[in-house]
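User: I have a model to go through before I get back to the bench. Can you take me through its strands, its cavity and a helix contact?

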Amino acid sequence: MHGTGAEADGARGVFEVDSTAPGSAPRGLDAFRRGWETQVGDDVFQLPAFSPDTIGDFRVKGNVAKVHGAAIADLHAASATRTADVPGGDQDLVAMYVVRRGSWTLGGPPGHGDQTVSAGQFLVRHLGRLTAFETSAHLTAKFLVLPSSELKPLLGSRVVTGPADSAEMRLLTALTDMIHTTVADLGPAGVVAAQGTLIELTKAVAKGRFDDVEPRLAPALTQAAKDLANRRLADPELSPAMLARELNVSVRTLHRAFAAVGEQVTTYIRHRRLHEARLALVAPSGRLTISELAAHWQFADGSHFTRAFKKRYGQTPTEYARSTEATSPPPSHSLADSAWPAVRA
């Protein structure tokens, strides 16, 4: 094992271990554990107890770096590994597994099954306790441990998976490689900055996957956007961008959520505005011009409003108003817009 950095400086450290040489396996796990405990520390990640067969045949070449409250381990394992039945105690951290060759199977939380990260994939999740895992022989993987304070609110109980070759993952991987080569020489400000960048890139990876693989959230997100739009129909700033900003999601996520339920954001807003304008056309409490209605409901002008109205309802606003003059009660008014006067031609 080779260690560098200042052991007295708990913010950083790096060590290497290689137990792949013939005859070194029985001592390999001891060397790895000793290096982790002295250079990284159990305060970052508590190594679990391993199964007897793993202890007896731990042929792993590893390069591990600690940067502030994070750790990065590049692992090349010739032997399979497996934790003991009781993996360990409580944890509060975010872990990312990036597998290039072989597979890494992770025990799920109570009530959930195991999850396997195959070659070419990554997985990131919050760990509330140390769970069991096992790896295949001939594994090449990267293991990241990150503080949970900023990432846990984003992840919640979700497990985020995806391809290891996405643009965000390539950038994150390049950063971890650079940290390995520079962490021993970084000053205090550099150590803090390196950890912060790791966290921000992990956020980007997670958010990118939320956009692509969270169809179960689409109905709830769509309804939340509709409720907000209904309250802001007369607002000139109402748009997909405004809704996405208010709901703390990307515009792409918002569009995908509406598409998942067979709708479009802009179409919904336009149809709701036309509906409210149609109610105003038959309201008994006064008369407005077409231009006034168009301006209130954020149509470009009276002509644009008239064309959109006819396309939606098959009549111009004036024709609709005249056709309903002799009929009894008008369509039900919304709570938000209950007293619009009738149109004046």
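Analyst: Two strands count as paired if DSSP finds at least two bridges between them. This is a predicted model.

User: Which residue in β9 is the bridge partner of Asp90?
Analyst: Start with the strands. β6 covers residues 90–101 and β9 covers residues 121–129. They run antiparallel and are joined by eight bridges. In β9, Asp90 has as its bridge partner Arg129.

User: Which residue in β9 is the bridge partner of Val98?
Analyst: Stay with β6 and β9, which run antiparallel. Asp90 is bridged to Arg129. For Val98, the partner in β9 is Phe122.

User: Which residue in β11 is the bridge partner of Val94?
Analyst: β6 is also joined to β11, residues 139–147. That pair runs antiparallel, with eight bridges. The β11 partner of Val94 is Leu146.

User: Which residue in β12 is the bridge partner of Val124?
Analyst: β9 pairs with β12, residues 160–163. The sense is antiparallel, over four bridges. In β12, the partner of Val124 is Val160.

User: Which strands stand at the edges of the open sheet of four strands?
Analyst: The order in this sheet is β5-β10-β7-β8, with antiparallel pairing. An edge strand here has a single partner, so one side of it is left without a neighbour in the sheet. That applies to β5 (81–82) and β8 (115–118).

User: Within that sheet, which residue in β10 is the bridge partner of Trp104?
Analyst: β7 and β10 pair over three bridges. Their sense is antiparallel. Strands of a sheet pair through backbone hydrogen bonds. The β10 partner of Trp104 is Thr135.

User: What is the volume of the largest cavity?
Analyst: With a cut-off of 30 Å³ or more, the structure holds one cavity. Phe50, Leu75, Trp104, Phe133 and Phe143 are the lining residues nearest its centre. Its volume is about 290 Å³.

User: Which element gives the most to the lining of the largest cavity?
Analyst: The lining has 23 residues. Elements giving two or more of them are α1 (25–40), β4 (70–77), β7 (103–106), β9, β10 (133–135) and β11. With three residues, the top contributor is β4.

User: How many residues of that lining are nonpolar, polar and charged?
Analyst: Trp104, bridged to Thr135 in the open sheet, is among the residues nearest the cavity centre. The full lining numbers 23 residues. They divide into 19 nonpolar, three polar and one charged.

User: How are α6 and α8 oriented to each other?
Analyst: α6 spans residues 218–231 and α8 spans residues 251–260. Their axes come within 8 Å and cross at roughly 110 degrees. Angles of 65 to 115 degrees count as roughly perpendicular. The two helices are therefore roughly perpendicular.

User: How do the residues of the contact of α6 with α8 divide?
Analyst: From α6 come Ala218, Leu221, Thr222, Ala225 and Lys226. They meet Thr253, Leu254, Ala257, Phe258 and Ala260 in α8. The split is seven nonpolar, two polar and one charged.

How values were computed. Residues numbered from 1 in each chain as written. Predicted model: local features only at pLDDT ≥ 70, side-chain atom pairs only at ≥ 80, totals over all residues. Heavy atoms only, no water. 1 Å grid on protein atoms, 1.4 Å probe; cavity = no way out; pocket = protein on both sides within 12 Å on 5 of 7 lines; lining within 4 Å. Points joined across faces, edges and corners; volume = space filled by probe spheres on them. Nonpolar A, V, L, I, M, F, W, Y, C, P; charged D, E, K, R; others polar. Axes fitted to C-alpha atoms, helices over the stretch in contact; angles between N-to-C directions. Parallel < 35°, antiparallel > 145°, perpendicular 65-115°, else oblique. Contact = heavy atoms within 4.5 Å.
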